Structure formats: structure tokens, C-alpha cells
Amino acid sequence: MMSSINITPYFPFSRVNIFGQTVTWTESLIQARPDKRYKPICYVCKNSFVTVHKWVQRAIRDLDFGPAQVTIICVYRQVFCLICGRFLVEDLEFFEPSRRVSKRLARYIYELCKVLTVQDVARHLNLDWKTVKDIDKSFLEKEFGETDYTGLTILAVDEIAVKKGHDYMTVVLDYLTGRVVWMGEGRRADTFMQFFDGMTDEQIIKLEAIAMDMWDPYIKAVKTKAPHMKIVFDLFHVVKEFNKVIDRVRIDEYNKASESDKKVIKGSKYLLLKNTENIRKMKDKEHLNRLLELNETISKVMILKDKLKLIWECKSPQEAKQQIDEWCTLAETVHHLSVSKFVKKIRRYEYGILNHCDYSIHTSILEGVNNKIKVIKRKSYGFHDNRYFSLKVIQAFSTS
């Protein structure tokens, strides 16, 4: 049934007049035209030095009116701007020429996209998902498009897989606030250097330390762009690397063992990788004890794993240096290629372990960030636009 209620007060657009309306329960068509009390102005430069070229009409989606979908049929002028020197659309303020939705609907879409997926918003408003995504992205670009380097002193950097295979993005975190500052495609040195390239000399000088794993491209980027920064390697990644060594030792010892000993070694992979205090079941504890009694080499690498953690408890570089030397000396008694290679790695990256005494920072905070990023990725059903994905992540961790 047609409605005779005047709804023009719900369209308080200053440069247009509402002159007609067709309202039903499911659809509202609103007729609008320029208010002749205002001179036409250029959308780009906002000047009135324009001449009218022709009149055109456009259908623009607006906020829904109850259950009814609202469309504004707007007549407006295409003008020639003497300042810009080209044909442009006049500025009627309530919509942008590049969009088929009103500014207030666009803002509503942006707010919905903070808590709903693009697909959910598109279904809710009966819009194409690409339209919703483009609107959300444009708002994100305005708010988060420029990297905010304010107040950065201590950082953490890590990579996250965005697709199956070797497709990664570098994530830089403000360690003190938990804010994701920047994301870049890849995990190469030049990727991370792009982060520093956006900083002023004054901002770079204020940087003090950065937590990371022992990934040479990131190390190279820091030493090239901010050589004064203290690089800190955290316990989590070093133990994770040593766990790989333990597993290689386990495999080699299994291959050399007798059939009866193989039965003990078999199925012990995850027992050896777990922290001893996290082994709860009695049968698992008994299995581990039998294994350690049976095989001296495996027993030694497990002792090395526990002693490795003690290095990060040292309060001074001198104490930590002594612990590293003792650890390497003990490790060299295990005549295994993988252990020997790891000893060389510890020696090579010793500086980053010692720096932990001055800056007790770690990348475990980034592990939590990465888990949240994975949730964002799943909610999006997979982002094909890495720039949009980056902006969504930065928005999610914004402290504003």
C-alpha cells in the first residue's frame, strides 16, 4: 500500500531538494534534484567557476528505512570546471561520484565491517560483496593507509603464512603497545627494509631493540637500516630450532638401534619435543624414563634442551656468556652432525642471546598476534587482496 507520510526530514541533504517519493513496505524510491539556491560547485576543487554541460540522473542506495530498501533517484549536473580544466560532476555532498551509495550508507557499511565479514554485510544490505569490500577498503586507507611510526622504540618482527605454500607476509609490532604497525608482502630483507624506508632519521634513532627469530634476511635489514638497534633472539624460537635437532637425533638413533630398542624409541617424537613438566600421563613419563636410560645420546640432547633454557634466565651478559660456553662445551660431546651445526649456530647468533639480558623481550607476543590474524583470515574466507588484508589486521590491533 502506498504511503502518504512525508519522509523528507530523514534526508537532510543541504544542496538537494526532495520533490517526490514512492514508499512501500519493501522499497522506497526518493526523487531528488539540486537546490537552486546553491550554485553548482566542482566536486574536485570545490570552486563555483563552472559551466553546466548537461543534466544526468543516477540511482543511489541510501540507508534502509525500516524493512524498505531506499534508493535516491538524483538528477544532477555535469559541469566543466574552469579551474580543473575538465568535465566533472557537481558536488551535492551526500554521495561520491565514484560510488552508487550515499556517504552515510558507506559509513554504516564500514562500521558493520568491523564486526561482520564482507559477505555477511553484503547479504544484510543486499549489495555486491565487491562493493562492500571496496567501500571498507577506502575507509581503511584513509584511516590506516599511512604507517603510524609514532612512539616506536622497541619492536618485534615475524612472518605469517597467508596462503598454502611459501607465501608469507612480514608483520611488525610495537612491542610496548601490542599495535601492529606495518605489514609487507614476503619475508625478504628488502621487504623489511621498506618498513624502515618510511621512517625519518629522527624516528630511526629512537629505535632501541627488536625481538625476532634467527632469520638472516630480517637481521640484514636491521643491520642495514638501523645498525644501532639491539637484536634479541627469544627463547621460543631457539628451543624450537633445537627441537628439530632432537628429532633428527631420535631418527638416527632409531635407525641404529636393535629391534628391541626400536620399540622403546618408537612413538617418542612428541614426548621429546614436550617440556618435561607438561608430560602429565604416568605411562608417558615411564616411557620417557626408559628411553633416556636406554639411549645416552638422546639423554644428552634432552639435558642440553633443559640447560639451553637456563641461558635466558641470566641477568648479565657475562653470566649468559659463561652459560653459553658451558652449553657448547657439553654439546660438543654429542658426536652428531646436527648438534655440531647447532653449536655453530649458537656461536654465530650469540650476540642476540646476550642482548636479552639488556632487553628482556621475546616474540611470543607475536605468536598471539599471529593467531588472531589467522582468525581474521578465516573470517574473510581468504583475502585475495593482501593490501586489504594488511589494513584489516592493522585496524584490528589499533590502539585508538
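**Rings, charges and cysteines in a predicted model**

A search of the whole structure turns up 18 aromatic pairs, where a pair means rings of Phe, Tyr and Trp (its six-membered ring) with centres within 6.5 Å, called stacked with planes under 30 degrees apart, edge-to-face over 60 and tilted for the rest. One of them joins Phe195 and Phe196 edge-to-face, at 5.2 Å centre to centre and with 75 degrees between the planes. Phe195 is buried at a relative accessible area of 0%, and Phe196 is buried at 1%; here buried stands for under 20% relative accessible area, exposed for over 50%, and partly exposed for anything in between (1.4 Å probe, protein chains only).

Before going on, a word on the ground rules: this is a predicted model, so local features need pLDDT of at least 70 and side-chain atom pairs count only at pLDDT 80 or more, while totals for chains, interfaces and linings use all residues. Residues are numbered from 1 along each chain as its sequence is written, and side-chain values use heavy atoms, with hydrogens and water left out.

Back to the rings. Phe195 and Phe196 also belong to a cluster, linked through ring pairs, that takes in Tyr149, Trp182, Phe192 and Tyr218. Another edge-to-face pair is made by Phe242 and Trp327, with 5.6 Å centre to centre and 75 degrees between the planes. Phe242 sits in helix H7 (residues 235–256) and Trp327 in helix H12 (residues 317–331), so this pair ties together parts that are 85 residues apart in sequence. Helices (H or I, at least four residues) and strands (E, at least two) are DSSP runs, numbered from the N terminus. Both Phe242 and Trp327 are buried.

Some rings have a lysine over the face, which is counted if NZ of Lys or CZ of Arg is within 6 Å of the ring centre and within 35 degrees of the ring normal. Lys142 lies over Phe139 in this way, 5.6 Å from the ring centre. Lys372 does likewise over Phe397, at 4.7 Å from the ring centre.

Turning to charge pairs, the count comes to 28 salt bridges, each being a side-chain nitrogen of Lys or Arg within 4 Å of a carboxyl oxygen of Asp or Glu. Lys46 and Asp91 meet in one of these, at 2.8 Å from N to O. That pair links distant parts of the chain, 45 residues apart: Lys46 is in the loop between strand E2 (27–34) and strand E3 (50–61), and Asp91 is in the loop between E5 and helix H1 (103–112). Lys46 is partly exposed at 43% relative accessibility, whereas Asp91 is buried at 5%.

Helices H3 and H16 are bridged by Asp136 with Lys392 and by Arg387 with Glu141. For Asp136 and Lys392 the closest N and O atoms are 3.1 Å apart. Asp136 lies in H3 (residues 129–144) and Lys392 in H16 (residues 386–396), so the contact ties together parts that are 256 residues apart in sequence. Both Asp136 and Lys392 are buried. In the salt bridge of Arg387 with Glu141, the closest N and O atoms are 2.9 Å apart, and the two residues are 246 residues apart along the chain. Arg387 counts as partly exposed at 35% relative accessibility, and so does Glu141, at 30%. Elsewhere, Lys321, Asp325, Arg347 and Glu350 are linked in a network of salt bridges.

What about the cysteines? The whole-structure search finds zero disulfides, a disulfide being a pair of cysteine sulfur atoms within 2.5 Å. The sulfur of Cys42 has its closest cysteine sulfur in Cys81, at 3.7 Å, which is too far for a bond. For Cys81 the closest cysteine sulfur is in Cys45, at 3.5 Å, again too far for a bond. Cys42 is buried at 0% relative accessibility, and Cys81 is buried at 0% too.

On the surface, Phe49, Leu82 and Ile83 form a nonpolar patch with about 320 Å² of accessible area together. Patches are made of residues with over 30% relative accessible area and no salt bridge, joining like charges within 9 Å and nonpolar side chains (Val, Leu, Ile, Met, Phe, Trp, Tyr) within 5 Å; the areas come from the Shrake-Rupley method with a 1.4 Å probe, and for residues only the protein chains shown count as cover. Within this patch, Ile83 is placed in the loop between strand E4 (69–81) and strand E5 (86–89).

Finally, Lys163 is found in strand E6 (residues 154–163) and is partly exposed at 41% relative accessibility. The C-alpha atoms of Lys163 and Met282 are separated by 40 Å, with the two positions 119 residues apart along the chain.
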